[in-house]
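Here are my notes for you on this model. Keep the structure open beside them and look up each residue as you read.

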Amino acid sequence: MMDLLKKWYPEEDPITEAQVEVVSSLLGGMLTESALEGFLIVCSRFVDEFGNHRTDELANIFQTQRVEGRQALLDSLEYMNKWVGGMDSYIRLYPVTIIPPKPAFPQLKIIGVENIASRVYRILDSKGKVYPTKEPLKSYIHRTGRLPAVPRQKRPVRRSKPHFHWCSYEKWDDPESSQEGLQILPEWSDCELRATLLTSNIKRSAYVAFNGDRFDPTDSKLSFYKYYYEPLAQDHPEHSGGGSQIGVEGEPRVELLEQWDKRSHKWKRI
């Protein structure tokens, strides 16, 4: 495996070497050459702006303490490699330049999410409206039985910021705990609406979550500013964070819609 690593990283690279050790440990000896190549395509996006890598957080997203989770991680990395066409194709088809600005952000799809968890939860703003119709979000979900549509990822690598439904394996006792765990700022959402999705309905629609801004604040021509994977929320230190998060594309079916009832201090089914 180290020979394959040296092929793409011939110079000593302690961060990447440490990342490979982590993913190999998470897979418990199941790492294949195809999966390693898939990991090398995405590994740099697990490194944050301070030079720390967050590869170990894959353990939470893939639940690698279980064999089903290890298999899902293996399948996801092999799928990434196949989807892009290997490292050679990734470098050739998606070159990165600064001037003119041309970023590249590989989308790490979660293969086998239905074997990791039975449900995921989407926290929403109870006063939210659907773009562009401005229909109340609660009415839309009640009428259609689905979350509003967001684009599906037709290409393995993005040149612009994608849009997802941000979901979690976890659910919290109240909106305040949800805001803390997922670091949802009050101006974004009151977190008083919660949709439950069956993972059996999003088998090919789930992705490892990311964090990033559309534009570099020092140069509006440069996009994908500080983009990196963020499996666990921790970008806003004013909130505790630590909640798991994944991205879901399309218009997933909602199994259960709940709203926070302030009088009883309970989530109530709508």
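**Notes on helix packing, pockets and a loop**

1. Let's start with a pair of helices: helix 3 and helix 5 are roughly perpendicular to each other. Their packing angle is about 75°, and the axes are 7 Å apart. Angles from 65 to 115 degrees count as roughly perpendicular, so this pair earns the label. Bear in mind as you read on that this is a predicted model.

2. Who touches whom here? On the helix 3 side you'll find Ser 34, Ala 35, Glu 37, Gly 38, Phe 39, Ile 41 and Val 42. They meet Leu 74, Leu 77, Glu 78, Met 80, Asn 81 and Val 84 of helix 5. Sorted by class, this contact has 8 nonpolar, 3 polar and 2 charged residues.

3. Helix 5 (residues 67-84) also packs against helix 2 (residues 14-27), where the axes come within 9 Å and cross at roughly 130°. That angle makes helix 2 oblique to helix 5. If the two numbers seem an odd choice, remember that two packed helices are described by the angle between their axes and the distance between the axes.

4. Now zoom in on that second contact. Helix 2 brings Val 23, Leu 26 and Leu 27, while helix 5 brings Arg 70, Leu 73, Leu 74 and Leu 77. Here the count is 6 nonpolar residues, no polar ones and 1 charged. Try finding Leu 74 and Leu 77 on screen: they meet residues of helix 2, and they meet residues of helix 3 too.

5. Stay on helix 5 for some aromatic rings. The structure holds 13 aromatic pairs. In one of them, Tyr 79 with Trp 83, the ring centres are 5.5 Å apart and the planes sit at 45°, so the pair is tilted. Both residues belong to helix 5 and are 4 residues apart, about one turn of the helix.

6. Next, the empty space. Which residues lie nearest the centre of the largest pocket? They are Arg 122, Phe 164, His 165, Trp 166 and Trp 188, out of 39 that line this pocket. Strand 2 (119-124), strand 4 (165-167), strand 7 (210-216) and strand 8 (219-229) each give two or more residues to the lining. Strand 7 gives the most, with 5.

7. The volume of the largest pocket comes to about 1,200 Å³. Its lining is a mix: 19 residues are nonpolar, 10 are polar and 10 are charged.

8. The second largest pocket has a volume of about 290 Å³. It is lined by 13 residues, and Tyr 9, Leu 40, Ile 41, Ser 44 and Tyr 90 are the closest to its centre. Helix 3 (33-42) and helix 6 (86-93) each supply two or more of the lining residues, with helix 6 giving the most, at 3. The lining divides into 11 nonpolar residues, 1 polar and 1 charged. You have met Ile 41 already: this residue of helix 3 is also part of the contact with helix 5.

9. Last, have a look at the loop between strand 2 and helix 8 (137-144), where Pro 132 sits. What kind of peptide bond joins Tyr 131 and Pro 132? The bond is cis, with omega about 0°. Lys 134 lies in the loop between strand 2 and helix 8 as well, and its phi is near 65°, a positive value in a residue other than glycine.

How values were computed. Residues numbered from 1 in each chain as written. Predicted model: local features only at pLDDT ≥ 70, side-chain atom pairs only at ≥ 80, totals over all residues. Heavy atoms only, no water. 1 Å grid on protein atoms, 1.4 Å probe; cavity = no way out; pocket = protein on both sides within 12 Å on 5 of 7 lines; lining within 4 Å. Points joined across faces, edges and corners; volume = space filled by probe spheres on them. Nonpolar A, V, L, I, M, F, W, Y, C, P; charged D, E, K, R; others polar. Axes fitted to C-alpha atoms, helices over the stretch in contact; angles between N-to-C directions. Parallel < 35°, antiparallel > 145°, perpendicular 65-115°, else oblique. Contact = heavy atoms within 4.5 Å. Phe/Tyr/Trp six-rings, centres within 6.5 Å; stacked < 30°, edge-to-face > 60°.
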